[in-house]
Amino acid sequence: MRFRWASRPSRANTSGLLESAGYAALRDELGRQGRPWRLKPIGITVQFLSAAKNRTTYARGRITRLGRRNANVEVTAWQDDPACPVATAVMNILMVDPTE
Amino acid sequence: MNGDIDTSITDTFDPARVARFILGRAHPGWLGLRYVAHGADWVELTLPWRGDLVGEDGTGVIASGPIISLMDMAAGMAIWSTSGVFEPVATLDLRVDYMRPARPRAAVSGRVQCYRRTRSAAFVRGTAHDGDPDDPVAHIAGVFMTIPWRAA
């Protein structure tokens with residue numbers, strides 16, 4: 001349940017990258033389970049750990065809990081070393097039946 | 001805190017005047033953020049609708065990511081407006097609650113207030129709306145850290 005997403009400097013910011021990686025991880029897992037979905041963002045809390053430098057940033061989303069209607073996702077962003085994150089986020093996403 | 005800032009300097013940061021320099025480059029420039037209005041402790045910016053900012057194809061709704069950028073930038077400018085000086089700030093923590101999706105093809109505006117400023121920290125809160133400030137699409141709360149020029 002991991003998804004990596006890279007972002008170029010200046011075109012994207014870290015918060016947007018974290019969020020995209022979180023959604024990607026969730027879409028990936030729902031797709032793998034063959035579950036149809038429509039995602040509704042509920043909330044995100046971003047912690048900035050150190051100043052990001054002008055180079056490519058990576059982010060990885062990990063699903064903490066996948067329920068029937070709600071998903072909790074944890075995301076980490078880093079630049080050179082995955083062990084030294086520049087930012088982390090927790091996300092709360094609601095999943096609704098697209099046919100509803 | 002605010003008391004020991006020289007007022008000859010505090011009068012110099014004018015969000016309306018510096019907006020085109022701050023918003024014209026880098027990520028804010030790419031997004032197309034624009035200045036709307038400001039007060040003593042708040043700033044409002046707007047994010048015009050654009051097809052490539054849509055989150056899910058076919059919906060016409062601006063993604064939530066650019067809204068974070070909008071609110072982050074408005075927060076920074078609200079802090080500079082409050083303290084009256086342009087000084088580097090770093091976001092420590094930013095929470096965004098999405099109350100409803102924006103309307104299709106609607107621009108999203110964000111108004112952020114700096115409600116507490118100390119020597120080293122700034123506390124902000126704000127809302128994003130798509131036309132009616134009383135019917136917001138998102139609410140944010142954040143904490144920023146001031147970086148003194150010498151250390152920057």
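Within chain A of this predicted model, strand 3, residues 57-66, pairs with strand 4, residues 70-78. The two run in the antiparallel sense, and their pairing extends over eight bridges. A hairpin of three residues joins strand 3 of chain A to strand 4 of chain A. As one position to locate in this pairing, please find A:R60, whose bridge partner in strand 4 of chain A is A:T76.

I turn now to the pairing of strands across the two chains. Strand 2 of chain A pairs with strand 3 of chain B, residues 89-98. This pairing is also antiparallel, and it comprises five bridges. Here A:V46 stands opposite B:L94, a residue in strand 3 of chain B.

What, then, does the contact between chain A and chain B involve as a whole? On one side there are 18 residues of chain A, and on the other 16 residues of chain B. Between them the chains bury about 1500 Å², with 46% of that area on carbon and sulfur atoms. Eight residue pairs are in polar contact between chain A and chain B, counting pairs with both residues at pLDDT 80 or more. On the side of chain A that touches chain B, two elements give two or more residues: helix 1 (14-32) and strand 2 (38-48) of chain A. Strand 2 of chain A gives the most, with nine residues. Sorted by class, that side of chain A has eight nonpolar residues, seven polar residues and three charged residues. As for salt bridges, the count between chain A and chain B is zero.

How values were computed: Residues are numbered from 1 along each chain as its sequence is written. Chains are lettered from A and ligands numbered from 1 in the order in which they are written. This is a predicted model: local features need pLDDT of at least 70, side-chain atom pairs count only at pLDDT 80 or more; totals for chains, interfaces and linings use all residues. Side-chain values use heavy atoms; hydrogens and water are left out. Contact means heavy atoms within 4.5 Å. Buried area is the accessible area (1.4 Å probe) that two parts lose on being put together, summed over both. A salt bridge is a side-chain nitrogen of Lys or Arg within 4 Å of a carboxyl oxygen of Asp or Glu. A polar contact is a pair of N or O atoms within 3.5 Å; within protein, one must be able to donate a hydrogen and the other to accept it, and residues adjacent in sequence count only if both atoms are side-chain atoms. Helices (H or I, at least four residues) and strands (E, at least two) are DSSP runs, numbered from the N terminus. Ala, Val, Leu, Ile, Met, Phe, Trp, Tyr, Cys and Pro count as nonpolar, Asp, Glu, Lys and Arg as charged, and the others, Gly among them, as polar. Two strands pair if DSSP finds at least two bridges between them.
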